[in-house]
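Reader: Hello! I would like a close look at one pairing of side chains, and then at the surroundings in which it sits. Could you take me through it in one go?

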Amino acid sequence: MGKRMAWLIVVLWMLLIFYFSHQPVFESRELSTMITKRLIEIGENVTPIENVKLDQIHHFVRKNAHFNIYFFLGIFTMLALKISGVKGNRSVVIALIICIIYAVTDEFHQLFVLGRGAQLKDVIIDLVGATTGIATASLIGMRRKSRMANLNKGL
C-alpha cells in the first residue's frame with residue numbers, strides 16, 4: 001500500500017468521524033437507537049434476554065462507538081506513519097498526538113452542532129480506543145518483524 005493511499009484512509013476515516021459528529025442529536029440518537037435495537041434482536045436469537053433496558057444498552061452502544069471508531073483511527077494512523085517511514089516509539093507518539101488532537105477538536109466541533117455538546121469523558125473514551133488501536137498495530141508489527149527475522153534465520 002502506498003504512502004498516499006495510507007494517509008487517504010486516515011483522512012477518510014476522520015471525515016467519517018466528522019460526519020457522525022456533525023449529525024444533530026435527534027439524527028444521531030435515531031441511528032444509535034436503531035443499532036441498539038438490532039443488537040438486542042441478535043442477542044435474543046443467541047440467548048433469551050430478560051429485563052433488557054434499552055436506555056442502558058443504548059448508552060453502552062454510543063460509548064462503544066467512540067471507542068471503536070478511534071480504535072481504527074489509531075490503527076490507520078500507525079499504518080500510515082509506518083509506511084511513511086516513521087519507526088519505533090516516534091510513530092507511537094506521533095499517532096497518539098494526531099488522535100488526541102482529532103478527539104479534542106471533534107468534541108469542540110460538537111459544541112456547534114444542534115443538540116450536541118462536548119464531553120471530556122468522550123475524549124477519554126476516544127483516547128482509550130486510539131491507544132488500544134495503536135498498541136494493537138504496534139504488537140502486530142512487532143510480531144510480523146519477529147516472524148520475518150525467524151524466517152530469515154532459517155534460510
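Which residue forms a salt bridge with aspartate 122, and how far apart are the closest N and O atoms?

Author: Happy to. The partner of aspartate 122 is lysine 63, and the closest N and O atoms of this salt bridge (a side-chain nitrogen of Lys or Arg within 4 Å of a carboxyl oxygen of Asp or Glu) are 2.6 Å apart. Because aspartate 122 belongs to helix α5 (residues 120-154) and lysine 63 to helix α3, the pair ties together parts that are 59 residues apart in sequence. Helices here are DSSP runs of H or I with at least four residues, strands are runs of E with at least two, and both are numbered from the N terminus.

Before going further, a word on the model. It is a predicted one, in which local features need pLDDT of at least 70 and side-chain atom pairs count only at pLDDT 80 or more, while totals for chains, interfaces and linings use all residues. Residues are numbered from 1 along each chain as its sequence is written, and side-chain values use heavy atoms, with hydrogens and water left out.

Are the two partners buried or exposed? Aspartate 122 is buried, at a relative accessible area of 5%, and lysine 63 also counts as buried, at 17%. Buried means under 20% relative accessible area, exposed means over 50%, and partly exposed is what falls in between, with a 1.4 Å probe and protein chains only.

The whole structure holds two salt bridges, and the other one makes a nice companion to yours. In that one, glutamate 41 pairs with arginine 38, with 3.1 Å between the closest N and O atoms. Both of these residues sit in helix α2 (residues 25-46), three residues apart, about one turn of the helix. As background, an α-helix has 3.6 residues a turn, so residues three or four places apart point the same way. Glutamate 41 is partly exposed at 41% relative accessibility, and arginine 38 is partly exposed too, with 46%.

Now to the helix that carries lysine 63. With 30 residues, α3 reaches 43 Å from its first C-alpha to its last, close to the expected 44 Å; that expected span is 1.5 Å times one less than the number of residues. After α3 comes glycine 85, which has a positive phi, near 95°. Two other residues of α3 (residues 54-83) are worth a glance, one of them being histidine 59. Histidine 59 is partly exposed, at 42% relative accessible area, and its C-alpha is 13 Å from that of isoleucine 40, with their positions 19 residues apart in sequence. Glutamine 56, also placed in helix α3, is exposed, with a relative accessible area of 55%. Its C-alpha and that of glycine 2 are 43 Å apart, while the two residues are 54 apart in sequence.

Helix α2 offers another link to this region. Lysine 37 lies in α2 and is partly exposed at 44% relative accessibility. Lysine 37 and histidine 58 are 21 residues apart in sequence, with their C-alpha atoms 8.4 Å apart.

On the aspartate 122 side, helix α5 also contains serine 138. What does serine 138 touch, leaving aside neighbours within four places in sequence? Serine 138 is in contact (heavy atoms within 4.5 Å) with Met78 and Val92, and serine 138 is buried, with a relative accessible area of 18%. Helix α4 (residues 88-110) contains histidine 109, which counts as buried at 14% relative accessibility. Not counting residues up to four places away in sequence, histidine 109 touches Phe18, Ser21 and His22.

Finally, the wider setting. The protein has five helices and zero strands, running α-α-α-α-α from the N terminus on. Its C-alpha atoms fill a box of roughly 60 × 40 × 25 Å along the principal axes. Of its 155 residues, 30% are buried. Among contacts with a separation of 6 or more, 73% join residues 24 or more positions apart. The accessible surface, from the Shrake-Rupley method with a 1.4 Å probe and, for residues, only the protein chains shown as cover, comes to about 10,300 Å², of which 67% belongs to carbon and sulfur atoms. As for charge, the mean positions of the 18 positive and 10 negative charges are 19 Å apart. Lys and Arg count as positive and Asp and Glu as negative, with His and the chain ends not counted, and each charge is placed at NZ of Lys, CZ of Arg, CG of Asp or CD of Glu.
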